[in-house]
Amino acid sequence: MLTANLFSSTAEKDLTLVGAHHTDKGFQNTAKDFSNDTAILPLLGRYITEKRTDAAPLKAIPVITLQQQDLLDIPVDRDTVIRLGHSTIYLQIAGQRWLIDPVFSERASPFSFVGPKRFHQPPIALSQLPDIDGVLISHDHYDHLDKDTIAQIQHKVQHFVVPLGVDKHLLKWQVPAAKITALDWWQSAQFDKLNITATPTQHFSGRGLLDRDETLWASYVIKGPDSNVYFSGDPGYFDGFKEIGRRYGPFDLTMIETGAYDKDWSTIHMSPQQSFQAHQDLGGNAMMPIHNGTFDLAFHSWYEPLARIQALISAHNDNQADTVNKVQLLTPKMGQTLAVNNFPHTQSWWKNLN
């Protein structure tokens, strides 16, 4: 059985703002230009009056269906990533099986009858999941922390790694305290040969009207003997990406939020241009855009994030004489199995679905 060893980054001593994200009531973003004070009434007016184009696919999104044996058949020494939808990732690394932000419910909502509804079913049923070494949670929003999913899988999960404060949700849902590791920014946990470090990100938290920013939000560096990957969680663009890249990069793979952006909340979600810049700041090799393709969470078309990031990276690569500076864009079908550091060409599966 895996055991977690908790420690803080030695580089933490270099920070001039250690603990600046802590407040008496919870947590805060520390960038001087951060703002998240969008007026509610004008925003509601947009939802009522603004014309939408292709908010959801008209044809079925292609999904590769998986069974438990498909995951068990992956060689133990092959680091593997499978996108299951939105920001939900199955990651096999250092011989361990991890789920990141697992959301398997029909809606990303506190209610079963209203709220953003899935465009597609998960590639694998919860009942088909094998035993899971760990679950990694970036923050407590409903499209990243799903109570029903946690309730159904907790018996087969050895560890839950969460940002500070998110552990209170798991404890309330009867997850044993011994299974939970709560991390502050720049803190790490070691699981055998796997190291997980919670790193800063610029977002917010809360699952109701009265708990805003009571729990922390985080991104993660996930490092095994053969692979170094980064998971962004939900960020607005900020200088922290450069610091993370300086400390922990380069990365074989970055899984970067690219979706649900808008001018009215530009500091808590990134445009595709900013997502690509974040990937470059981090020192990433291959980039997988996430936070798209499963739920309608903004005003842009459902496929716009993928189309825009593809165009950006294609233009970037066309201008690179040296192949070393080119970026591999990964847009796998949901359920497609990818071997880390031996990534195949992926398809533009979102085209011609509207």
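Helices here are DSSP runs of H or I at least four residues in length, numbered from the N terminus. In this predicted model, one such run is helix 6, which spans residues 272–282 and holds Ser275. Ser275 has 0% relative accessibility, and since anything under 20% is taken as buried, Ser275 counts as buried. Setting aside residues within four places in sequence, the contacts of Ser275 are Ile256, Glu257, Thr258, Met270 and Met287. With Glu257 there is also a polar approach: a polar atom of the Ser275 side chain sits 2.7 Å from the backbone oxygen of Glu257. Asn319 is 44 residues from Ser275 along the chain, and the C-alpha atoms of the two are separated by 19 Å.

Next comes the sheet. It is open and mixed in its pairing, and its eight strands follow the order 1-8-9-10-11-12-13-14. Strand 1 (4–8) and strand 14 (328–329) are the edge strands, each pairing on one side only. Helix 6, the home of Ser275, packs on this sheet and touches strand 11, strand 12 and strand 13. The direction of helix 6 makes about 150° with that of strand 13. Within the sheet, strand 10 (residues 219–223) and strand 11 (residues 228–231) run antiparallel and are joined by four bridges. In this pair, Lys223 stands opposite Asn228 of strand 11. As a rule, strands of a sheet pair through backbone hydrogen bonds, in either a parallel or an antiparallel way.

Trp217 is found in the loop that links strand 9 (194–199) to strand 10. Despite the loop setting, Trp217 counts as buried, because its relative accessibility is 0%. Its contacts, not counting residues up to four places away in sequence, come from several stretches of the chain. They include Phe27, Gln28 and Asn29, then Ser138 and His139, then Pro163 and Trp185, and also Thr201, Gln202, His203, Phe204 and Ser205. For one of these partners, Gln28, the separation from Trp217 is 189 residues in sequence but 9.5 Å in space, C-alpha to C-alpha. Two polar approaches involve the Trp217 side chain. One is a polar contact with the side chain of Asn29, at 3.1 Å. In the other, the backbone oxygen of Thr201 lies 3.1 Å from a polar atom of the Trp217 side chain.

A few backbone details also deserve a look. Most residues other than glycine have a negative phi, and most peptide bonds are trans. Asp54 is not a glycine, yet its phi is positive, at about 50°. Asp54 belongs to the loop between helix 1 (40–49) and helix 2 (68–72), and it counts as partly exposed because its relative accessibility is 26%. His291, also not a glycine, has a positive phi of about 70°. His291 sits in the loop running between strand 13 (284–290) and helix 7 (304–318). With a relative accessible area of 3%, His291 is buried, whereas Asp54 is partly exposed.

As for peptide bonds, the one from Gly249 to Pro250 is cis, with omega near -5°. Pro250 is placed in the loop between helix 5 (240–248) and strand 12 (251–257). Strand 12 is also one of the strands touched by helix 6.

Note on methods: Residues are numbered from 1 along each chain as its sequence is written. This is a predicted model: local features need pLDDT of at least 70, side-chain atom pairs count only at pLDDT 80 or more; totals for chains, interfaces and linings use all residues. Side-chain values use heavy atoms; hydrogens and water are left out. Helices (H or I, at least four residues) and strands (E, at least two) are DSSP runs, numbered from the N terminus. Buried means under 20% relative accessible area, exposed over 50%, partly exposed in between (1.4 Å probe, protein chains only). Contact means heavy atoms within 4.5 Å. A polar contact is a pair of N or O atoms within 3.5 Å; within protein, one must be able to donate a hydrogen and the other to accept it, and residues adjacent in sequence count only if both atoms are side-chain atoms. Two strands pair if DSSP finds at least two bridges between them. Axes are lines fitted to C-alpha atoms, for helices over the stretch in contact, and angles run from 0 to 180 degrees between N-to-C directions.
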